Amino acid sequence: MDTLFYAFVVVLFAAVILAVEGFYLWWMSTRGAAARRIARRLQVMSGGAQSRSGERISILKQRPYSRQPALDRLLHRAVLAQRIDALLVQAGATWTVSHFIAATFGCVITVLVACAVWSPPLPARLVLCVTSPGLPWWLLHRMRSRRLIRIEHQLPEAADFIARALRAGHSFINVLQIVGNELPEPLAGEFRIAREEINYGVPMNEALHGLAARIPLTDLRYLVIAVLIQRDSGGNLAEILGNISGIIRARLKLVAQVRVLSAEGRMSAWILGLLPFGVMGVMTVSSPHYVSMLWTDPSGERLLWYGLGMIIVGVLWLRLTIRIRV
């Protein structure tokens, strides 16, 4: 009986492993990166990619800031709305300016309702009311920085790809289409947008300047400047792009070395920032009567807020110290 049971367990385990592996192989063959790349190549060969990609860009010059025409016209007059829209484009977000403003007001209203319900101390209300509008901005800047980092790591491969395509005899406009179809996102989408703008009649100089505005990276600006100078004065663009690719790779290698050397400082910032909260949590569990004076006595509440302010200042100081621009 025991032998039969153990054999059943082994067979069941093997069946589960095979099922998981079969599902993984099916998913990679139908939804994986290789499958998507093959599908894009088939669409290019059948002529379907151009018609599908042409729908990604509107023939209108201005991006809509809102679905309401009156609000859209009002937002287009505001400088702050233009800055928000630029951040949304650089972050690759699908929100409009009106959605972002509504989210900001929603955070403020949520904090005001929470303060009215729980009645925290006055310093806490002031801190929450001041920081709540900044939460959507922080999330947007975080999305933007992550996207730009991904694009920055894709730029050397893109420069080499463009150089090889130019050496093969393709024109630069065709190279933009090939890059948009072959390279991974998010860089491929930006090259597709530039290609589609040129198809709609936008001059190449303006389309490339728009590409540099959507991706505010110094390395990409070098690439755009090289293309524009080559169009005006001539030269071996493939060789120039190869040199730019080498420079970008060397800079990324230096950035990685600096990040390794500053890892100790970042870890110190995390430990020093989280250690007071960890100690407070342990003391609250082990000796709640000992630390309860910090939130039951007015002097203790003031000490808590002073301590929180000093922690924030210390973490920001450490962040500025270990943040090295390369």
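So, to start: how many disulfides does the count come to here? Zero. And keep in mind as I talk that this is a predicted model.

Let's stay with the cysteines for a minute. A disulfide is a covalent bond between the sulfur atoms of two cysteines. Take Cys115: the closest cysteine sulfur belongs to Cys129, and it sits 5.0 Å away, so that's too far for a bond. The cut-off is 2.5 Å between the sulfurs. As for its surroundings, Cys115 is buried, because its relative accessible area is just 7%.

Okay, next stop, Arg147. You'll find Arg147 in helix 8, which runs over residues 134–167. Is that arginine buried or exposed? Buried: its relative accessibility is 13%, and the cut-off for buried is under 20%. So what does the Arg147 side chain pair up with in a polar contact? That would be the side chain of Glu190, at 2.6 Å. If you set aside residues up to four places away in sequence, Arg147 touches Val89, Gln90, Ala91 and Gly92, and also Pro186 and Glu190.

Pro186 deserves a word of its own. This proline lies in the loop between helix 9 and helix 10. Which way round is the peptide bond from Glu185 to Pro186, cis or trans? It's cis, with omega near 5 degrees. So if you're scrolling through the model, have a look at that bond, with Arg147 touching Pro186 from helix 8.

There's another proline in that loop, Pro184, placed between helix 9 (172–182) and helix 10 (187–199). Pro184 counts as partly exposed, because its relative accessibility is 41%. Along the chain, Pro184 and Gln154 are 30 residues apart, yet their C-alpha atoms are separated by 8.3 Å.

Last one: Ile101. Ile101 belongs to helix 6, residues 97–118. With a relative accessible area of 25%, this isoleucine comes out as partly exposed. Which residues is Ile101 in contact with, once we leave aside its neighbours within four places in sequence? Leu75 and Ile84. And there's a C-alpha separation to go with it: Ile101 and Pro133 are 32 residues apart in the chain, with 9.5 Å between their C-alpha atoms.

To recap: zero disulfides by the count, a buried Arg147 in polar contact with Glu190, and a cis bond leading into Pro186. That's what I had.

Technical notes. Residues are numbered from 1 along each chain as its sequence is written. This is a predicted model: local features need pLDDT of at least 70, side-chain atom pairs count only at pLDDT 80 or more; totals for chains, interfaces and linings use all residues. Side-chain values use heavy atoms; hydrogens and water are left out. Helices (H or I, at least four residues) and strands (E, at least two) are DSSP runs, numbered from the N terminus. Buried means under 20% relative accessible area, exposed over 50%, partly exposed in between (1.4 Å probe, protein chains only). A polar contact is a pair of N or O atoms within 3.5 Å; within protein, one must be able to donate a hydrogen and the other to accept it, and residues adjacent in sequence count only if both atoms are side-chain atoms. Contact means heavy atoms within 4.5 Å.
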